[in-house]
Amino acid sequence: MPSRKNTRRTPLTSRWMGLTLVPLYLFTLVLVLGPLVYMLVLSFETRADVWGVIPQFTWANYKNIFQPVYLNTFVQSLKLALLCTGLILLIGYPFGYFIARLSPRGKKFMTAALMIPFWTNSLIRLYGWIIVLRSGGTLDKVLMALHLTQRPLKLLYTYPAVVVGMVYALLQFMILAVYSSAEKMDWSLVEAARDLGASPAQAFFTVTLKLTMPGLLSGVILTFIPSMGLFFIADILGGNKVVLVGSLIQDQLLQAHNWPFAAALSVVLMLLTSLMIGLYKRVTHTTRLEGLL
């Protein structure tokens, strides 16, 4: 009989593998956990009269968040995030599903077309939207050439312009998430549902939607969380008329120099995003259990 190879790890091998994990642990502690702990501690400190902070514990920073002006900023950011995520879902899900149904050559072409814009800086692409949306810009010329409008529209520096910028910046994440999920789907299950008498709509909602739900939820997380804090899009296309939580944090850091309050805002925003991630894990776990049953 052939002799079995000894697959047991020797103490030297285990020690060497442990040493290879040291850089990862150091990176996590210094660049991930360290800043989070510092931000949490800073949120409970007191702002100095002129500059810096005083190491004096206080709850005032978190109490200030419940003031109407700041609480309204969170509400407006949440509304904008929900609106943008809904629009991205309506556009991105059919697009990702369509790519998954293409031939291998078509899939490569469409995924490359989606990735090429990422080669250009996001700020440059957003400044391109200024040329499109400004009064007398590209969109106005097209609409007036088609006799759909009689005079230039004032689209730039408005709420719809911010929504367009958010959807444009985050749409690819939804498309790629849905595509990766739909591309791995067993299409024979859809054909079996149709053979058993299900209509195209019934087959979609009972089979396709459930099987692609992990990708859909991943896309929702990848679009909802960034849209809460992408303040530079609101600054560029909204002209500071649309204030998000990220804009508020930036103002507290750079203008008001109220670092503890900015840290408190960041902690609350982080808790909200963590809640969304926890909800995502719970829903995906439930979906997997239903699929097994």
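**Exercise 1. Find which residues Met166 touches, and place Met166 in the core around it.**

Step 1. In this predicted model, once neighbours within four places in sequence are set aside, Met166 is in contact with Leu80, Cys84, Ile88, Ser227, Leu230, Ile233 and Leu244.

Step 2. The largest nonpolar core has 42 residues, and within this core Leu80, Met166 and Leu237 touch the most other members. At least two residues of this core come from each of α4 (68-100), α5 (104-115), α6 (122-133), α8 (159-183), α9 (187-195), α10 (200-211), α11 (213-227) and α12 (231-238). The largest share, 12 residues, is supplied by α8.

Step 3. Apart from this core there is a second, separate one of 20 residues, and among its members are Tyr70, Ala264, Leu265 and Val267.

**Exercise 2. Compare the span of α4 with the expected value, and say where α4 has a kink.**

Step 1. With its 33 residues, α4 reaches 46 Å from its first C-alpha to its last, which is close to the 48 Å expected at 1.5 Å a residue.

Step 2. The helix α4 nevertheless has a kink of about 25 degrees, and this kink is centred on Leu89.

**Exercise 3. Work out which residues of α12 are buried, and which helices they pack against.**

Step 1. In α12 the buried residues are Ile233, Ala234, Ile236, Leu237 and Gly238.

Step 2. These buried residues of α12 pack against α6 and α8.

Step 3. After α12 comes Gly239, and the phi of Gly239 is positive, near 60 degrees.

**Exercise 4. Decide whether Ser266 is buried or exposed, and describe its surroundings.**

Step 1. Ser266 belongs to helix α14, which covers residues 259-292.

Step 2. The relative accessible area of Ser266 is 17%, and the cut-off for a buried residue is under 20%, so Ser266 counts as buried.

Step 3. A polar atom of the Ser266 side chain lies 2.9 Å from the backbone oxygen of Ala262. Not counting residues up to four places away in sequence, Ser266 touches Met39 and Ile249.

**Exercise 5. Decide whether Lys107 is buried or exposed, and list what it touches.**

Step 1. Lys107 is found in helix α5.

Step 2. Because its relative accessible area is 16%, Lys107 counts as buried.

Step 3. When residues up to four places away in sequence are not counted, Lys107 touches Ile99, Ala100, Leu102, Tyr179 and Glu183.

**Exercise 6. For Leu42 and then for Ala60, find the helix, the accessibility and a C-alpha distance to another residue.**

Step 1. Leu42 has its place in helix α2, residues 22-42, and at 9% relative accessibility Leu42 counts as buried.

Step 2. Leu42 and Ile54 are 12 residues apart in sequence, and from C-alpha to C-alpha they are 9.6 Å apart in space. Leu42 also touches Val53, Asn61, Trp259, Pro260 and Ala263, not counting residues up to four places away in sequence.

Step 3. Ala60 lies in helix α3, residues 60-65, and at 33% relative accessibility Ala60 counts as partly exposed.

Step 4. Ala60 and Ala264 are 204 residues apart in sequence, while in space they are 9.6 Å apart, C-alpha to C-alpha.

**Exercise 7. Examine the phi values of His147 and His257, and say where these residues lie.**

Step 1. Most residues other than glycine have a negative phi.

Step 2. The phi of His147 is near 60 degrees, a positive value in a residue other than glycine. His147 has its place in the loop between α7 (138-145) and α8, and with a relative accessible area of 66% His147 is exposed.

Step 3. The phi of His257 is near 55 degrees, again a positive value in a residue other than glycine. His257 is placed in the loop between α13 (245-254) and α14, and with a relative accessible area of 25% His257 is partly exposed.

**Exercise 8. Describe the overall form of the protein from its secondary structure and radius of gyration.**

Step 1. The secondary structure comes to 14 helices and two strands.

Step 2. The radius of gyration is 25 Å, well over the 19 Å that the globule rule gives for 293 residues, so the protein is more spread out than a compact globule.

Step 3. Along its principal axes, the C-alpha trace spans about 80 × 75 × 35 Å.

Step 4. Buried residues make up 34% of the 293 residues. Of the contacts with a separation of 6 or more, 67% are accounted for by residues 24 or more positions apart.

Technical notes:
Residues are numbered from 1 along each chain as its sequence is written. This is a predicted model: local features need pLDDT of at least 70, side-chain atom pairs count only at pLDDT 80 or more; totals for chains, interfaces and linings use all residues. Side-chain values use heavy atoms; hydrogens and water are left out. A nonpolar core is a set of buried Ala, Val, Leu, Ile, Met, Phe, Trp, Tyr and Cys residues joined through side-chain atoms within 4.5 Å. Buried means under 20% relative accessible area, exposed over 50%, partly exposed in between (1.4 Å probe, protein chains only). Helices (H or I, at least four residues) and strands (E, at least two) are DSSP runs, numbered from the N terminus. Contact means heavy atoms within 4.5 Å. The expected span of a helix is 1.5 Å times one less than its number of residues. The bend at a residue is the angle between axes fitted to the seven residues ending there and the seven starting there. A polar contact is a pair of N or O atoms within 3.5 Å; within protein, one must be able to donate a hydrogen and the other to accept it, and residues adjacent in sequence count only if both atoms are side-chain atoms. The radius of gyration is taken over C-alpha atoms; the globule rule is 2.2 Å times the number of residues to the power 0.38.
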